[in-house]
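Please read the following account with the model open beside it. It moves from one enclosed helix to the cores, then to charged pairs and finally to the surface.

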Amino acid sequence: MEVPTIARRTSWAGGKVQERLRRLNLITTVPPLALAGVFLLLVSARSWWHIVIQVAGLLAALATAERWTAGDYLRVARPSLVVTAVVWLAGSLTDDTAAFFGLSVVGSYLIPPLPRRRLAALAGLTVLIAGLGAANVLVHDDRIGWRLFQFAAVPAAATLVSTAFMFASQRFFDLIAELERSRERDADLAVTRERMRFASDLHDIQGHTLHVVKLKVALAEKLLDREPDRAREELREVHDLVGDTIVQTRELAYAQRRLNLSAELENAKNLFEAAGIHVRVARESEMDATAGELLGQVLRETTTNILRHAEARQVGITLTRRGIAIVNDGAPDTGPLELGGLAVLRQRLAEHGAELEVSHSGGRFRTAAAFPAPKEARR
């Protein structure tokens with residue numbers, strides 16, 4: 001449903017949109033009106049009285065134009081309409097053909113924002129200007145036809161032209177306002193996405209580390225009496241892991257964190273083996289840095305999910321030129337898949353043209369991320 005014009009115009013007021021429109025209005029609208037008014041003054045004024053009334057009408061027109069992009073422009077436009085009407089009447093009675101300029105401008109600003117009956121309002125404005133101009137024949141009885149043409153027909157036609165121009169100008173300003181609002185929405189969306197990315201990365205770091213710390217502390221507790229040296233080694237690894245997590249968190253805060261697929265692969269292998277899970281790794285080729293970072297995130301999230309939710313005994317990790325696949329057994333049959341962090345990764349991979357697939361069958365859970373082949377990427 002189309003938003004009424006008056007509603008769109010009131011939305012110009014406030015914030016960066018109004019600031020942008022006001023600057024644009026002061027550059028594109030007010031100066032041409034001032035130049036046109038001064039030009040008419042120079043070519044048509046024949047006495048000091050003509051100068052006075054034309055300056056009064058021009059100032060009222062410029063005041064309306066200057067306030068057009070403000071929310072309170074009607075407060076100025078309505079009294080300006082009365083002032084310019086008086087100016088035009090005085091001009092027609094004193095034989096000043098250019099005095100209609102202010103009334104034509106102010107009227108053209110008032111009509112386009114109306115929510116309805118704009119054609120009727122335009123007709124009324126045209127009749128008003130023509131009627132005030134026709135008063136010229138009341139004090140001058142020579143060349144009545146020519147005077148009606150000069151003081152009624154020409155100002156009425158000029159009003160129609162100026163109003164049509166204002167309809168186009170308002171549409172242009174509406175588009176600019178919508179563009180500015182779109183930019184603001186895009187900026188807000190970018191901030192939201194960055195916050196979600198940061199929260200996701202923080203979850204990857206902290207959630208993964210805390211779960212590993214839990215496993216290692218539990219293992220150290222079991223080994224404390226039987227193998228104290230190994231228990232101390234596990235606690236030392238916990239200490240190192242916490243320190244590494246602090247470094248990663250600091251790097252994340254300063255946008256310096258990058259995942260290394262090889263490091264993540266070695267880390268996942270060590271974690272699985274520490275939890276008593278047999279790991280088989282098949283690495284066929286290397287990936288580029290961007291793909292490796294994304295696949296490292298997939299591997300880290302999947303590793304955390306396996307350690308947290310599955311009772312796995314075997315995990316197979318396969319790296320190919322195009323992606324990674326992780327298969328584990330011991331997946332609980334809990335109904336529909338709940339992707340959790342993988343859902344966020346799926347969206348992130350899609351932004352880079354990659355796909356993430358998960359499947360659950362016969363107690364085995366498969367997570368696979370793949371980038372398109374070069375030929376497919378060019379299509």
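Which residues of H6 are buried? The buried residues of H6 are Phe101, Gly102, Leu103, Ser104, Val105, Val106, Gly107, Ser108, Tyr109 and Leu110, where buried means under 20% relative accessible area, exposed means over 50%, and partly exposed lies in between (1.4 Å probe, protein chains only). Because ten of the ten residues of helix H6 (residues 101-110) are buried, this helix is largely enclosed by the rest of the structure. Helices here are DSSP runs of H or I with at least four residues, strands are runs of E with at least two, and both are numbered from the N terminus.

Before going further, note that this is a predicted model, in which local features need pLDDT of at least 70 and side-chain atom pairs count only at pLDDT 80 or more, whereas totals for chains, interfaces and linings use all residues. Residues are numbered from 1 along each chain as its sequence is written, and side-chain values use heavy atoms, with hydrogens and water left out.

Taken as a whole, the protein has 14 helices and five strands, and 42% of its 379 residues count as buried. Among its contacts with a separation of 6 or more, 70% are accounted for by residues 24 or more positions apart, a contact being heavy atoms within 4.5 Å. The protein exposes about 21100 Å², of which carbon and sulfur atoms supply 60%; accessible areas come from the Shrake-Rupley method with a 1.4 Å probe, and for residues only the protein chains shown count as cover.

One view of the surroundings of H6 is given by Thr64, which is found in helix H4 and counts as buried because its relative accessibility is 0%. Leaving aside neighbours within four places in sequence, Thr64 is in contact with Val76, Ala77, Ser80, Val106 and Tyr109; Val106 and Tyr109 are among the buried residues of H6.

In soluble globular proteins, nonpolar side chains tend to be buried together. A nonpolar core is defined here as a set of buried Ala, Val, Leu, Ile, Met, Phe, Trp, Tyr and Cys residues joined through side-chain atoms within 4.5 Å. The largest such core has 36 residues, and those with the most contacts inside it are Phe272, Ile317 and Ile324. Its largest share, seven residues, comes from helix H12 (residues 289-309), and this core draws at least three residues from each of domain 2 (188-256) and domain 3 (259-370), the bounds of which come from an automatic or database domain assignment. Ile324, not counting residues up to four places away in sequence, touches Leu295, Val298, Leu299, Ile317, Thr318, Leu319, Thr367, Ala368 and Ala369. A second, separate core of 21 residues includes Leu21, Leu24, Val30 and Ala65.

Leu345 can be followed next. Leu345 has its place in helix H13 (residues 341-351) and counts as buried at 2% relative accessibility. Although Leu345 and Leu295 are 50 residues apart in sequence, their C-alpha atoms are 9.6 Å apart in space. With residues up to four places away in sequence left out, Leu345 touches Gln297, Val298, Glu301 and Leu356.

Side chains of opposite charge can pair when their charged atoms come close. With a salt bridge taken as a side-chain nitrogen of Lys or Arg within 4 Å of a carboxyl oxygen of Asp or Glu, the count comes to seven salt bridges. In one of them, Glu264 and Arg300 meet at 2.9 Å, N to O; this pair links distant parts of the chain, with Glu264 in helix H11 (residues 261-274) and Arg300 in helix H12, 36 residues apart, and both Glu264 and Arg300 are buried. Another joins Asp95 to Arg46, with the closest N and O atoms 3.7 Å apart, and here Asp95 is buried with a relative accessible area of 18%, whereas Arg46 counts as exposed at 56% relative accessibility.

At the surface, Val38, Phe39, Leu42 and Val43 make a nonpolar patch of about 420 Å². Patches are made of residues with over 30% relative accessible area and no salt bridge, like charges being joined within 9 Å and nonpolar side chains (Val, Leu, Ile, Met, Phe, Trp, Tyr) within 5 Å. Of this patch, Val43 has its place in helix H3 (residues 30-44) and counts as exposed at 55% relative accessibility.
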